[in-house]
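Take a walk through this fold with the model open beside you. Start with the sheet, then move out to the helices and loops.

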Amino acid sequence: MFLIYGGSGAIGSAIARALVGAGHACHLVGRDARKVEDTALAVGADFTVGDVTDPAVFKLATEAAGASGSLSGLVYAVGNIRLKPFHRVTPQEAAEDFALNALGALQAVQAARTQLVAGKGAVLLFSTVAVTQGFANHASVAMAKGAVEALTRTLAADMAPNVRVNAIAPSLTLGGMGDKIAGADKIREAIGNAHPLKRLGAGEDMAAMALALLQPGGWTTGQIVNVDGGRGALRVGD
């Protein structure tokens, strides 16, 4: 069983579809009751309705997904993109971003630690290319996701050799938050052209890498893997 937080989002649902298609069972967690139920029905998964800002959700979801006493993996595909000049970011906003992106990931893994160890499972977290690229107006989310990268490496050390922990660092991905930022066709094209591969990401791009990182018995841990159309590593046409 794979426990997927953010399971009704563009990335989380794509990962669920890929895992179910590969023969794995999934349990989705989402705060929008109708959306997570519809996604679970379409994918063929179980679900829990809950908001990761409520600490109670982690115990509830872990018990529902890990009823057998073990988990094959945990995916924390939860996040936000708060875009504003750094001097306008309030302490409350920064704290909210940290709680959602980093603290929530820690709490999710803490709640499932026993089941993950029993299942010799894998954990997959999500960062962003903005951690290493230094984009303007990304101060709060880059800080929060930078903490996720540090958490990834620390958990990988703490949970070895029984549990592997990795993270994916995407660039802008269509669906949900990505659509709000790149809603107009011209904006979408312009942002896509800033990537060497000349397009924005899709949930399926993340799901393909997720399958590789979550496969049982893998030999990869403590890694931050960029799935970003080349934006984090290449400069084409400068």
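What follows goes from the whole chain to the sheet, its helices and a few single residues.

This is a predicted model, in which local features need pLDDT of at least 70 and side-chain atom pairs count only at pLDDT 80 or more, while totals for chains, interfaces and linings use all residues. Residues are numbered from 1 along each chain as its sequence is written, and side-chain values use heavy atoms, with hydrogens and water left out.

The protein chain holds 9 helices and 7 strands. Both are DSSP runs numbered from the N terminus: helices are H or I with at least four residues, strands are E with at least two. Of the 238 residues, 46% are buried. Buried means under 20% relative accessible area, exposed means over 50%, and partly exposed lies in between, with a 1.4 Å probe and protein chains only. The accessible surface is about 11,300 Å², and carbon and sulfur atoms account for 56% of that. These areas come from the Shrake-Rupley method with a 1.4 Å probe; for residues, only the protein chains shown count as cover. Take the contacts between residues at least 6 apart in sequence: 70% of them join residues at least 24 apart. A contact means heavy atoms within 4.5 Å.

Now the sheet. Its 7 strands run in the order β3-β2-β1-β4-β5-β6-β7, open and with parallel pairing. Two strands count as paired if DSSP finds at least two bridges between them. The edges are β3 (46-49) and β7, each paired on one side only. On average, neighbouring strands are turned by 20° against each other, direction ignored. Axes here are lines fitted to C-alpha atoms, for helices over the stretch in contact, and angles run from 0 to 180 degrees between N-to-C directions.

Look at β5 within this order. How many of its residues are buried? The count is 5 of 5. Both faces are covered: A122, L124 and F126 are buried on one side, V123 and L125 on the other. β5 pairs with β4 in the parallel sense over 3 bridges. There, L74 has V123 as its bridge partner. Further along, β6 and β7 pair in parallel over 4 bridges, and P170 is bridged to V227 in β7.

Helices pack on this sheet. Helix α3 (residues 56-65) touches β1, β2 (26-30), β3 and β4, and its direction makes about 150° with that of β1. Helix α6 (residues 139-159) lies across β5, β6 and β7 and runs at about 160° to β6.

Stay with α6. Its 21 residues should span 30 Å at 1.5 Å a residue, and the end C-alpha atoms are indeed 30 Å apart. The expected span is 1.5 Å times one less than the number of residues. Buried positions in α6 include V141, A144, V148, L151, L155 and M159. The buried residues of this helix pack against α4 (91-119), β5, α5 (130-133), β6 and β7.

Helix α9 (residues 203-214) has 12 residues and reaches 16 Å from first C-alpha to last, close to the 16 Å expected. G203, M206, A207, A210, L213 and L214 are buried in α9. Seen down the axis, these buried residues fall within an arc of 125°, so they line one face of the helix. The arc is that of the directions from the helix axis to the C-beta atoms. An α-helix has 3.6 residues a turn, so residues three or four places apart point the same way. The partners of the buried α9 residues are β1 (2-5), α1 (10-21), β4 (73-76), β5 (122-126), β6 (164-170) and β7 (224-227).

One residue of α1 is worth a look: L19 sits in that helix. L19 counts as buried because its relative accessibility is 1%. Beyond its neighbours within four places in sequence, L19 contacts F2, I4, H24, C26, L211 and L214. F2 is 17 residues from L19 in sequence and 8.2 Å away in space, C-alpha to C-alpha.

Finish in the loops. P161 lies between α6 and β6. The peptide bond from A160 to P161 is cis, with omega near 5°. K120, in the loop between α4 and β5, has a positive phi near 45° although K120 is not glycine. Is K120 buried or exposed? At 58% relative accessibility, K120 counts as exposed. N137, in the loop between α5 and α6, also has a positive phi, near 70°. At 38% relative accessibility, N137 counts as partly exposed.
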